[in-house]
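Work through the exercises below with the sequence and the model open. Each task is followed by a solution in steps.

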Amino acid sequence: MAHEGTSQFAPSWFSTLEAGASSHGQVHRVRAYVRLWRAFMRARVFIALVLLALQVFVLLTQSGGPRWLVLVNALHLSAALAVLFWTRPIEPGKPFGMQWLMSIGVDLVAFAVLQYFQQSGINYTPLFALPVLLASILGSMTLALATAAGVTLYLLGDAALNAPLLSAVSTASLLQAGLTGTGFFLIAFLANQLAQRLAREEVLAQSSQAAARTQAQVNELIIESLSEGVLVVDRHGVVRNANPAAQNMLMGDSYPHAAKLLLSARPGWNGIAYLVDRTFMVGQGLESEVRIDPDEFTTHRFFARTRLTSSPSGRPSELCVLFLEDLREVEARVRTEKLASMGRMSAAVAHEIRNPLSAITQANALLDEEVSEPGQKRLTRMIEQNAQRLSRIVDDILNVARVQPSQDDGVPALPVDQTLRQIAHEWLKQNKAQGVLGVHPHAPGAHIGFDPEHLRRLLINLLDNALRHASGQPSSIRVISQPHGNDRVRLSVWSDGAPLEASVLRHLFEPFFSSESRSSGLGLYICRELSERYGAQIAYQRSRLDQREGNEFYVLAPVIDGSSKTPAQQSLSYPPGDSVAAYTRPGLSQADPPSLSTL
């Protein structure tokens with residue numbers, strides 16, 4: 001055992017005993033037992049030292065008693081030190097063994113010899129309480145009563161031998177010995193019961209403490225993983241704690257983790273400070289919409305709920321828990337639920353529209369055969385075109401509502417670079433963004449399986465989105481195609497816009513979610529649906545192009561065999577009279593894609 005006064009074998013025993021414990025409470029019970037054992041063994045050493053010193057004093061002053069009692073005390077001290085340093089604790093509940101003989105037995109013999117042969121008037125009877133307590137607290141009830149019985153028998157025998165039999169002195173001595181023995185029996189019984197009760201209470205307390213720590217850790221993990229912001233504010237408006245969501249909502253990466261924040265000290269947090277003060281004043285939880293202005297150009301709206309922590313009766317609560325939820329997320333969930341409801345009824349509505357639409361188409365075909373005037377022919381063609389457009393819309397609604405295969409067998413194999421040039425040319429003429437767009441086709445010979453109209457809609461949506469956020473400088477929007485591995489092509493639309501907010505990134509491809517009030521929020525959602533329909537993936541990243549940072553949306557589409565040309569594919573051709581230089585940055589060849597690095 002270490003220098004603390006324990007056995008050298010105790011660490012290995014304790015580790016073995018701890019490994020064999022069947023529960024967390026049993027481990028703590030073993031630890032408590034070891035601490036008690038060490039305390040008793042040290043007490044034995046201390047008492048042995050005191051007795052040895054006392055006997056040496058008696059010997060030097062020649063106040064009585066044989067000299068060999070010093071040897072008895074020296075042997076007693078040696079036995080106590082041997083048990084403390086070179087033995088190990090016995091497991092709780094184990095039967096009587098050699099260690100008990102070396103501790104309780106040696107103490108009983110040593111105290112009995114001192115009591116019987118003392119001639120200086122010193123009474124050693126109270127010392128018998130030590131082995132009785134040792135047996136009662138560290139041993140079983142049987143061992144405790146047996147030790148008390150041994151002490152009582154010795155006292156009765158000593159009283160009978162030292163006084164004339166049937167005399168008044170003998171009667172008083174026997175009565176005194178009997179009362180003392182009875183006291184030792186009571187001490188043994190009560191100490192054993194108290195030790196068992198304390199052991200049970202300690203195991204229960206340790207188990208409760210472990211359960212409380214586990215529950216606290218679980219609560220902390222739950223609060224940290226919540227998307228809802230949680231703030232703990234005291235009565236003075238000081239933020240005591242905040243989960244990561246709240247820190248991001250309030251200040252983002254600049255939130256000072258080591259310092260406490262005062263709500264009233266920040267002008268942009270006046271709404272939160274007023275709500276907290278109002279909660280303490282009213283004495284109950286409140287709900288309200290609040291605004292946070294991080295700077296003069298940014299405003300965030302939140303739905304806030306406050307709750308007061310429980311406090312002892314008659315005392316006001318000192319802490320207020322504030323829950324913050326981004327109103328855009330709330331509105332996005334509402335829109336998603338509405339979209340789900342619309343999706344469930346879209347199939348039935350689409351079927352109902354198809355029936356009269358078919359009748360209109362057939363009637364228009366019959367009418368077109370009967371009329372011959374140019375004006376009437378134009379009307380029938382308008383009816384046919386709009387009926388076809390309405391039919392495509394119905395098909396799109398049905399395709400979004402039901403599960404789609406990864407790729408249809410009838411989808412044409414589109415040449416990537418040629419299709420990219422044509423779509424970019426059409427978008428340029430519609431938006432009059434000459435000079436803003438740069439087209440970089442670097443996937444010659446690559447074909448992807450995509451419906452021409454769907455690929456056009458996907459790229460047009462991404463280009464429209466880029467135009468809204470780009471700076472408008474030359475080549476501030478780039479369309480790039482390049483191989484991605486051996487089986488995929490990467491189509492990307494890059495713009496030099498500002499970084500997207502974290503709250504927008506979480507709902508980037510959700511339907512009806514938009515950071516602009518005038519946008520429907522369906523553009524990126526449709527892009528994702530169209531990509532997944534043909535086995536492609538769409539994603540966003542912040543990237544650097546020619547030393548300029550920007551936002552990049554890219555589609556990874558699987559490459560297919562383009563050896564067989566379909567009519568739809570043959571109809572796609574590069575606009576006559578235009579050249580590649582009109583869409584590419586000067587000095588950039590098709591073999592060298594622009595430098596694009598992810599931030």
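**Exercise 1. Which residues of helix α9 are buried, and where on the helix do they lie?**

Step 1. The buried residues of α9 are I272, A273, L275, V276, T279 and F280. They cover an arc of only 165° around the axis, so they lie on the same side of α9. The arc is taken from the directions that lead from the helix axis to the C-beta atoms. Buried means under 20% relative accessible area, exposed over 50%, and partly exposed in between (1.4 Å probe, protein chains only).

Step 2. An α-helix has 3.6 residues a turn, so residues three or four places apart point the same way.

Step 3. Turned away from the buried side, the face of α9 carries the exposed residues Y274 and M281.

The model is predicted: local features need pLDDT of at least 70 and side-chain atom pairs count only at pLDDT 80 or more, while totals for chains, interfaces and linings use all residues. Residues are numbered from 1 along each chain as its sequence is written, and side-chain values use heavy atoms, with hydrogens and water left out.

**Exercise 2. Compare the span of α9 with the expected span.**

Step 1. Helix α9 has 13 residues, 270–282. Helices (H or I, at least four residues) and strands (E, at least two) are DSSP runs, numbered from the N terminus.

Step 2. The expected span is 1.5 Å times one less than the number of residues, which gives 18 Å for α9. The end C-alpha atoms are 18 Å apart, in agreement.

Step 3. Just after α9, G283 takes a positive phi of about 85°.

**Exercise 3. Find the strands that pair with β6.**

Step 1. Two strands pair if DSSP finds at least two bridges between them. Strand β1 (residues 229–234) is joined to β6 by 6 bridges, and the two run antiparallel. Here L231 stands opposite L322.

Step 2. Strand β5 (residues 298–308) is also antiparallel to β6, with 7 bridges. V321 in β6 is the bridge partner of R307.

Step 3. In β6 (residues 319–326), 7 of the 8 residues are buried.

**Exercise 4. Describe the ring pair of W68 and F117.**

Step 1. The whole structure holds 7 aromatic pairs. Rings of Phe, Tyr and Trp (its six-membered ring) pair if their centres lie within 6.5 Å; planes under 30 degrees apart count as stacked, over 60 as edge-to-face and the rest as tilted.

Step 2. W68 and F117 are edge-to-face, 5.0 Å centre to centre with 75° between the planes. W68 is in helix α3 and F117 in helix α4, 49 residues apart.
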